[in-house]
Amino acid sequence: MRINLGLGLDGLKPKRMHSTIGEKEIGPVGFLSILETQCGIAPVADSSTTRIIQYLACLKACDHPDRFYHQSFAVDQFNVAKTLLQWRDSWYESVWNGQFSGVLSDRLQDMADVEQSAQAKVSFGFGQRQQAVLATLKTQKTQIEQIVLLDPLADFSSLWQQILQAFEVIEKPALLAPTPAENDLSRLQNTLSQLASENLSKDETGSIKKTQLKGDNSFVVVKARSKAVSARLISQWLAAQVHENKEKTFALLTGSEGVELDDALVAVDLPRLGFVKTSPWRPVLQVLPIALELLWEPLNPEVLLQMLMHPVGLLPGSIRHPLAKVVSSAPGIGGEQWRQTLTDLLEIEKTRPNYTDERYKQLQADLDYWFASNRYTPEEGLPIVVANQRILKVSSWLAQQQSRVEDEAMRALLAAAYSQASELSIALTALLADGTAQIKPEQLRYLLGQLTGTGTGIVDQYAECITDQSHWLVGATQADSFNEVVNTVVWWDLQATSTQVTYPWSRQELKQLNEQGLLLADLDLQLQRQALSWLKPINAAQERLIIVLHESDEAHHPLWDQICSCLENWQEIRLEDSVLDAEAISAFNNLVSVQSTYTPLPGLSRWWKLDSGEVLGKRDKASYSSLESFFYSPYQWVLRYKARLKAGNLQSLNDGNLLKGTLAHHLYERFFNTHTTVLTPGKYQEAAVNLWFDQAISTLLAEEGAVFLQPGRLIEKEQFITTTRKSLHTLIHQLKAAKVVHVEMEQTQEAVFFGGDLEGHIDMKVTNEQGNEAVIDIKWGGQKYRKTTLKQNKHLQLVTYSYLRHKNCTTKQWPVAAYFIIDGGGAILAQNTDYFPEAIEVKPNDEENHAVIWQKMKKTWEWRRKQLDSGLIEVTVNGTEMDPVSSPGEDALAIPGTSDRFSDYKVLTGWGASQ
Amino acid sequence: MMEHITFISAGAGSGKTYRLASDLEKILTGENAAKPSGVIGTTFTKLAAGELRERVRQRLNERGFTQIANQMSQAMLGTVNGVCGQLLTRFAFEAGLSPHLKVIEEAEAKHLFSLAVEQTLTVQTVQEMNELAFRLGQVDQMTGQVTWKNVIKNIANTARANNQSVEQIKSSGIISADSLLAFFPEPIKTDLDAKLYKAVEAAITLLKDNIDKGIDATKGTKAYLDMLQGFVVAIKQHNLAWSYWVKLSKESATKKSQAASDAVQLVAADFERHQLLHADIRHYCEQIFTIAALALSEFQNYKKNRGLIDFTDQEHLLYKALEHPVVQEVLLDELDLLLVDEFQDTSPMQLALFLRLAKLAKKVIWVGDVKQAIYGFRGSDPELMQAILKHLETHGGKTELLETSWRSRPELVSYVNELFVPAFANTLPEDRVALKPKPGSQNLAQTTLEHWQLVGSNKEKRALALAKGVQEFINSKYQLLDKDNGQLRTADYGDVAVLCRSNVNLALIAETLASFDIPISRSQAGLLSTPEVALVLAAMRYLVDTSDSLATAEIICLTQGKTPEDWLQTRLDYLASEPRQGKWGEDVPLLSILAIQRTRVQYLTPSEVMSQAIHSADIRHVILSWQTDTGRAKQRLLNIEQLLDFAESYENLCANEGHVATVTGLLLWLNQLAKDDEDLQSADQQNNAVQLLTHHGAKGLEWPVVIALDLDTDIKNNLWGLSVKADNDNLDITQPLKGRSLQYWLWPFGSQAKGISVKDLVEQSEQGKAEQCRALEEAKRLLYVSLTRPRDCLIVALKDTQGEWLNSLAAEWMLPNTLEEKELLLPVSKAKIPVAYKTLSQDETPEICLTQHPGPHWFENITPIQIKLPAKLSPSSIPPLQNASIGETIVLGDRISLQGTPEMANLGEAIHALIATYIINNPAKPEILAEQVLSSYAVTEHISIEDALSCVTRFQGFIEHNLKALSTQVEYPIEYQLPNGQSASGWIDALIETEQGYIIIDHKSNPQSSATQQEVALKYSGQLALYKAAVEAATDKPVVGCWIHFAVTGAALKVNV
Ligand code: SF4
C-alpha cells in the first residue's frame, strides 16, 4: 500500500476522484489511525470530555495549596483540567515520556507529579498514540510500502519524523511551480513566491518594487459586504461554466462558512460540495437543556414558552401549543386559564378515536411531570438524582423517537442528542459518586455546554454529484490541501483566522522543557511554514484565481497584506454595487445581472374598497373592544374580527403595564369575591387585608406574572406590589366613602343594542346604601389620558357598561361610571363627585349624559356600518389624510384622524415614502 | 526612571498611524530588534488594532522583511481590554483565575450587576428606596420606573474605574450627603407637613367656594385647585415629592383667589429647611453608596462563581497580577515594547496599569493628543493624564511632536492654529497645538470656511434650511482636492459629513435631508420596523408556527406589493368556504416554497432558520423590487445582513451565558432589542451619501467637507450627579489612583429649576466653578476634534453666533458674518483665507420629483432541473443484490467458545486486527502478538489466546490452500469512481492475488449459528459487488471470487455477485 501524506489532507480534498486500489491520500489524523490498524492497536474510544474528567480526577488527587493550579482549580476545575490536559498532550506530541528530572519550575514539577497518576488513568491523547505506534513499529511490520510526503519532512513534528523513519519516504515539492503563462496570475504567483523568500528587488529607499498587474481576468478580487451575495455571484458564474468547462477543475476554498456557499450552489442548481457547519443549537440538542432549565425556581416563563413552541418537543404540539397561548398572555404555570386549558386538553384526549385509558393516564402523568414537579432554587441546587431522572426521561423519549423516525438526518440528530444525554448522566453520576449531591445551575450549564461542544452538522446537507459532470467542481477548507493543479481557484471569504500563535510557557520554561528532551516545534518556523501553505492554492491555480473578501471581517488575512504590499493595479469588483447597478462583470465572463421588476411596497391609503360589503357583515357578538375599533379603526376591526388574522405565540410574552393591569384586576376580583363583608360600615381590618394580600399576590405572580419574579426585576416587582396594595386600600376607602355595600366583579352582561348583540365584562359593579349602582373600570395607569376622555365625553367604555346595566337592571337607569386608576396609589376619576365623594372630579366640557353619548355612538355606528356595507374600509393610520367622508357629521362621535398606535397590522397598512 | 518612555504628541491629522507603523518597523528590524512576540500594543478600537497590525505587516513586507511580517500574528495588539484578556489568560494560574475566562460585554455585565444588586436588597430596603426616590424625584419621566438602580450601577462602575475599596465607597455616601447639605440652611423643628396640610385644606375650601359661587371661573384657578387636590393625601402621609414643594412655593391661583394660594406659598417656601428633606437626602445618598458597595462585592462573587469577568475586572485583575513576581520576571524577560495609542482616552485605572507595564517593558511608546481627550463622560481624566505627562518630562522621558497636518489644506491648518493656540494657552504651549501645513501644498481659491446662518422659528425649519444649504452646496459644484490623485474634482454628497451634538438632533437632520432626496448614511435604530426585516421575521414565523395567519398576510403584502384591499376578499371567501380547502395562501408560489421547508425547521438553529427563510422566500431579490433607487436597495440588502449578524450574536450570547437558544428565544430577544432602541440598522458607508454622526463619533475620521452643527448650544457640567474627586496636583506616580474619591450630589427637585436658593449656592461655590471650568475645557477639546475633521472645507451652520460652546473659544473673529466678506483675516498671521457667509431659510419640504433610476438589478433566476445524487456512496450501506447466491461453503473449524458477554463489535475488531497483524508480520512468537492485540482491544477475558490464534491460522490455511494465494494484502484501501458520478471509498479486509485474478474477503465475526451464515453472507453481496467493480476498474485483472469469512464460527462462504 502506498500513502500520500500531507499536513492538510484530513478534510475535504480539492481534487477529482479516480478509481484506485492500494493507495491512500491522507492527513496526519487519518494516517495515525491507519498505522494503528496496521499495528493491531485499538482505537481510543473515549471522548475528549471523558478525558477531561479523567484528568480532572488526577489533578484533584494531587491538589494542595502549593500547587500552581490550586487557586485556579478552585474556581474552575473543568477548564483547568482541560487546559492542563492540552499542555501535557502537546508535550507527548513533542516526545515526552511523562517524566521530568532535575531542577524545574514549580509548574513543570507539579505537572510531572500529576502525570504519575494521569499516565495510567487518562486514555491516550494524540501524542501518546503516536508514541505507541512508534514503539510497535520497532517490532512489527506494516504493509505500507511507501509514503509520499506532500509537505517537506521538516514540516512534520519530530515525533512524526521518528515514525516516518520506519518507512520508505519520498518527498515531493510542496509548492507547485508558478504557471509559465504571461498573465496576472503568474505575475502574482511569482511575486508572492519571491516575497516569501525575501527575494524581491528593492528601490533606492529600501522598499521593494511593486509588480504592476495588467487586468487580464486571470486574477480578480471581489469585495463584498454580504457573504450570501458573494456566494451567489460565484455560484451564478459557475452555473454558467458548467456546460462549457466539464474537463476543467474549479476549486472552492473557504473557511468555516462553506455551508453558505453550498446553499448558493443549490440555488443555481449545482450540487452541494458537502461543507459542514456544526452547531450546538440544533433543536434536538436543545431538548435536554430546556427540560433541565425548567427545574429551576423561579420558573423562567421565557424558557417555558421556548419549550412549548420548540420545533421538537417531549409532548406533542397539539398539547404544547394551546398551553403556549396561555403562557404568552399569562406567563406562569397554574393560573385559571392554565388549569382550564389542561382540563380541556384531557377532555379532547378522551374524544380521540384511538383513545385508551392507558394513554390518557400517561398524558396525565406527563403533564404532571413536566409542569407540576418540584423546582429548586439555585441556592439549594438541583439534586443530582432528580436531574438524572429528568435526563432519563429525555433519553427514553429520544430513543423512542429514533425508532420511529425514518428521516436519516433526524435520526442522526436524535443519536447526537441521545449521546449528549447519556454523557451528561455519566458525568453527573461520577459527581454523585464523588459525594456531590446537588448541582448549581451554572455548573450544570457548564457541563452541558462542554458535552454538547460545537454540536453537530446536518446530515441532509451532504456532498452531491450530477451524473456526467462529476467533480469538475471541488471544495476545500484548508489551504494546505492543495497539492495538485486545478484550473481555477476561488478563495472565498479570505480572512484572518486564529489570532495569536504562542506557547503558554515562559521562555525559561521552554528552555527547561528543551533540556528535558522535549522537541517543541520552533514557532517562527511554523509561521513561515504556514505562510508558505497559503501559497499552495495560489500556485495550484493554472488559469484563474479569484479572491473574495468580505468587508465585515474584523481583520484581513496576512496573505492579503502580502498582496497589498507587493502588487498593484489588480482587478477589483465591489460586488453589491456592481450587481445592483448591473455593471457587466467582465472578470466573470461578462456575467450581467437582470433588472428586477419594480413592485413597490404597498403605499399608505386612507380607504380600502371591496367589490361589495357583503362579506363585511355584522359580527356575531360585539364587545366593547370590537366596538371601539369599529368606530376608530375599522380596518383593524375588519382584519381582526372578519379576516381573523392573528399572530402566533412564538414571540410574545405578556409583560409591562399591560400585564400589571391584568394581574391587579385578577387580584381585586379575588379580593372582593372573598371579602364580602369588608364594606360593612365600621373600620375594616387593614392588617387582615394585608395578610390576605401578601399571600394572594405571591400565588398570583407565580401563576400568571412570573416575568416579574425573574432575577433583576425585584425592584419593579416591589414597586408593583406596593402600588397594588396601596391602591387596594384606596379602593376600599373610596367605596366606603361612597357608602357602597355591594360589589360584583367581572360581571358578564349581555344586551341587544343597535348593532345586534352586545356582551361586556364589567370590572366592578357596585351598589350603595340607597341601592344606586355604579360601574367602575379598573385601569393600571394613564390617568392623564382618562381625564381627557372624561373631559371630552369620550369614555365610551364606561358608557357601554352603563348601557348594559341600563338595559338589564330593573330600574332602567344609567348607572354612574368611574375609572379606578391603580398606578400612583389609586384614584377614582369621575365626572362629578355625586356618587364617589372623594373622586377626582373631571367636569366634562359639555354636559351630556350617558344616553346622549350612547345616541352618538349609535349614529357613529350606523355611519360606519353604511360604509362597510358598501365595501369601504377606512384605514385610519398615520401618514394618511382624513377626507370629508372620514367624519360621521353632527351628533356623532368625534373621530380622531388616526388610531394606529397599538396596531398589530402595521405591516399590512402600507408604507410611507421614507420607509 | 522614564528614559525608555517616549510620548508622541500627535495633533489632529498629523500622520500618527504612518508614524507608528514606521516606528514599529524600525524597532522590529533594527539592531537589538524586538521580537513581534515581545510587542504589546493597545488601540482604541478593535478595528484600529487590526489596521495597525496590517499597516505594520505591509510595511515589513514592503521593506522585504517577509519573515518578520509573518511573525506579526504573535504581537499582542488589541484594545486595552483585548490585551488585558490575553495577558490574563497567559498568566491565569499566577493570578489564580480560570484559564478560560469568559469575558462579558457591557450589556451582559449590566444585567448581571442588576442581579447582584437584588441579592443585597431586602424587600424593606426596596420599598424604602422606592419611596425616597419618589419624593426626591428619582423617577424616569417616561416609564415611571425609579432610577436609583441606575445610580447604583453608575457608582459601582466609577468606583471600580477608580479603584475604590468597599470602605471608601461607603464613606463617600456620607461625605457626599454632608458636603451637599452644608449648602442648605439649618433645618427647622416645626412640622412643616402639618402646616402645609392645614394651609392646603383651607385653600381648597376657599377655592371650591369661589368656584361654586361663580366668583372665580378662571381656568388657572381650576387647575390650581386640581393640583392641590392631587397633593392632599401625599402631604398628609408625609409623602409629597420635594419638587412639588418647590412648585407650591411658586404657583398660585389667579388673582381673584390669590389669597388662598398665598398662604400655601408661604409655608411651602420653607422647603429647604424641611428636616425631612435633609433626612431624605442624607438617607438616600448613604443608602445608594452602601448598596453599591454591597452589590459590588456580590457582583464580584457572582462572576467568580461563573468564571466570568467584565472589562473592568480585566484591568483590575491584570493590575494585581502584575504584582506577582513570576509575572514580573516573565514580562521583564519578554516584553520588548509597550505601545499605547490614543493615550489621552485611557481611564485612571488603565493609566495605572500602563505605568506598571511600562516598568517591565524595555521600550515604551505612548501616542496621543491631550487636545482630543473627549471621553470625560466615560471616566477618563485629562488632568490626571496631564500630570503624568508632566512627570514624564521631568524624569527623563522623551516627548516628540508630530508637527505637520497631512490632512487639511493650509488655510484650514492656519485657521485651526489661530483658533486653538490661544484657546488652549492655559494648559498647553503653542508647539503642542499648532501644526504646519503639509509641505508643497498651495492655497486655493475655494472657500475653506463657510458660515451658514439657519433661519427658522423652530428646529424643524432650521433643519429644512440646512438641507437646502447642503443641496445648494453640492449644486454649486464645489471643487475639492481628491485624496488619491491630488487633482481638483467636484464635490459630491459622499464627501460631506454633518456633525450633531445629540442623536436626537441627528434623527431630525437625517429625516429632513432624506425628504430633500439627499442620500444619507447613519447608524440608527429601528431595524425591526423596516419592511425588509418585517418580511424576514414573517417568513420565519411562517416556517415555525403554522397558526400565525398574520405572517401569511404580511408575506403576501410585502412580496406582492398588495394591500389588504387586493386580497381581503379571498381571505374572507376562504374563511366562509365549507369545508376549507387547505391553508389560506398556499397557492401563492413563494409561500408554497416556504411551506416545503417547514420540515427542515427541526434541524435548524435559530440563525439557520433565519437564513433559510431569507433563502427560500428569495427575500434578497424581493426587497430589491421595492424601489428604483439602488442606494436604498443596498441599504435594505445590508439590513438583512445586519439582522443575520444579530441572530449570530444571539447565539453567541446564549453560549456565553449557558442559555438555550431557540427561534422563540431569538424573536423575544430581537423584540427586546427593538424596545431598547438597540436594533441598529446597517451603517454602511454608502458611496454617495452624506455621513451623519455626532461630534464624539467623528473622532479619528476625516472628510473633505464637514458641517458642524449645534455649536450654539450650552455647555453642560457634571456638578449635580456623580463625579470623581482627585488631587492631581500632588500626584504620586507610583500610586496614581491614590486619593481619589466619589461624590454624588443629588438633585432632589425634579424638573424645577427656579426659586431654589441652594442651587445657586452650589453653583457659585468653589467646586461648582471648578466643575464649570472642567466642562469648559472638555467642550473646547470636543470643538478641536470637530473643527479638525475637514480636509477642504469647514462649514459652521448656526442659529445664532451666541452660544456657550462656540464662545468657549473666545474668538469673535472666527466666522464671516456678512455676504460681502469673502476673506477672513487671521488675527495673528494676518493671512487671509477664502470664506463665505449665507443665510438659509426654508419653510417647507420641497416637492421633489424623484429622479428616475434604472432600478436595482439582481442575479438571474435558474430553475432547477438537474437530478443530484449523494456524491459519496458508503459501501456498507449498499443493499444486497437480488441475484446473489452462495457459491460454496468451506468449513474452517469449530466454533470458538467465548467467555462472558463481550461486546461483539469490539471482539470482531480485535480478531480482525489480529488476523491483519499476523498476516503482515508472520510472527515468530504469535502468542506475544496475540496477547498484545487482544489486550489492546481489552478482550482478553472473553477469548483465549489459543482460540484467537486458531481463528487466524485456519484463515491463513484457507487462503493458502483453498485459494492458492500468491500474495495477500490486508486492510487494503480502494477508491472507486462510479459511472453515475458517485464515488465510494473503503477498505478491503483481505485482497488475495491469485494467478487467475483477485479474490476479495470480508471478515465477519458473527457468532450466530452456522444455519444463518448463508443469509448473513448474502446481506453483504452488494458491498462485495462494489469492491469487485472497484478493483476491476482500478486494475486490469479480474476479480475471481468474493468471500465472507466467519472467523468465530469457522467458515468461509463464497458469494457469487
Ligand atoms: S518617580 Fe517617575 S521616573 Fe522616577 S522611578 Fe517612579 S515612575 Fe520612574
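Let's start inside chain B of this predicted model, with a pair of strands: β1(B) lines up parallel with strand β7 (residues 363–368) of chain B, and five bridges hold the pairing. To find the match by eye, look for B:Phe7, whose bridge partner in β7(B) is B:Trp366.

β1(B) has another neighbour too. Strand β8 (residues 398–402) of chain B also runs parallel to β1(B), again with five bridges. Here a handy landmark is B:Thr6, which has B:Lys398 as its bridge partner in β8(B).

So is β1(B) buried or exposed? Check the burial residue by residue: with buried meaning under 20% relative accessible area, six of the six residues of β1(B) (residues 5–10) qualify, so the strand is largely enclosed by the rest of the structure. The side chains alternate as you walk along: B:Ile5, B:Phe7 and B:Ser9 point one way, while B:Thr6, B:Ile8 and B:Ala10 point the other way. Whichever way they point, all of them are buried.

Now step back and look at where the two chains meet. Chain B brings 177 residues to the contact and chain A brings 178 residues. How much area do they bury between them? For chain B and chain A the figure is about 15400 Å², with 55% of it on carbon and sulfur atoms. Three residues are worth picking out on the chain B side: B:Phe93, B:Tyr603 and B:Phe859 supply 6% of the area that chain B buries against chain A, more than any other three residues.

What about charges and polar groups? Between chain B and chain A there are nine salt bridges. One you can pull up on screen links B:Glu62 with A:Lys210, where the closest N and O atoms are 3.7 Å apart. Polar contacts across the interface of chain B and chain A come to 62 residue pairs. As for which element of chain B does the touching, helix α28 (residues 630–657) of chain B gives the largest share of the side facing chain A, with 14 residues. Sorted by class, that side of chain B has 73 nonpolar, 64 polar and 40 charged residues.

Finally, there's some strand pairing between the chains. Strand β17 (residues 594–595) of chain A pairs with strand β23 (residues 857–858) of chain B, in the antiparallel sense and over two bridges. If you want to spot it, go to A:Val594: the residue opposite, in β23(B), is B:Trp858.

Conventions: Residues numbered from 1 in each chain as written. Chains lettered and ligands numbered in written order. Predicted model: local features only at pLDDT ≥ 70, side-chain atom pairs only at ≥ 80, totals over all residues. Heavy atoms only, no water. Buried < 20%, exposed > 50% of the residue type's maximum accessible area, 1.4 Å probe, protein only. Helix = DSSP H or I, 4+ residues; strand = E, 2+ residues; numbered from the N terminus. Pairing = 2+ DSSP bridges. Contact = heavy atoms within 4.5 Å. Buried area = accessible area lost by both parts, 1.4 Å probe. Salt bridge = Lys/Arg side-chain N within 4 Å of Asp/Glu carboxyl O. Polar contact = N/O pair within 3.5 Å; in protein donor to acceptor, adjacent residues only side chain to side chain. Nonpolar A, V, L, I, M, F, W, Y, C, P; charged D, E, K, R; others polar.
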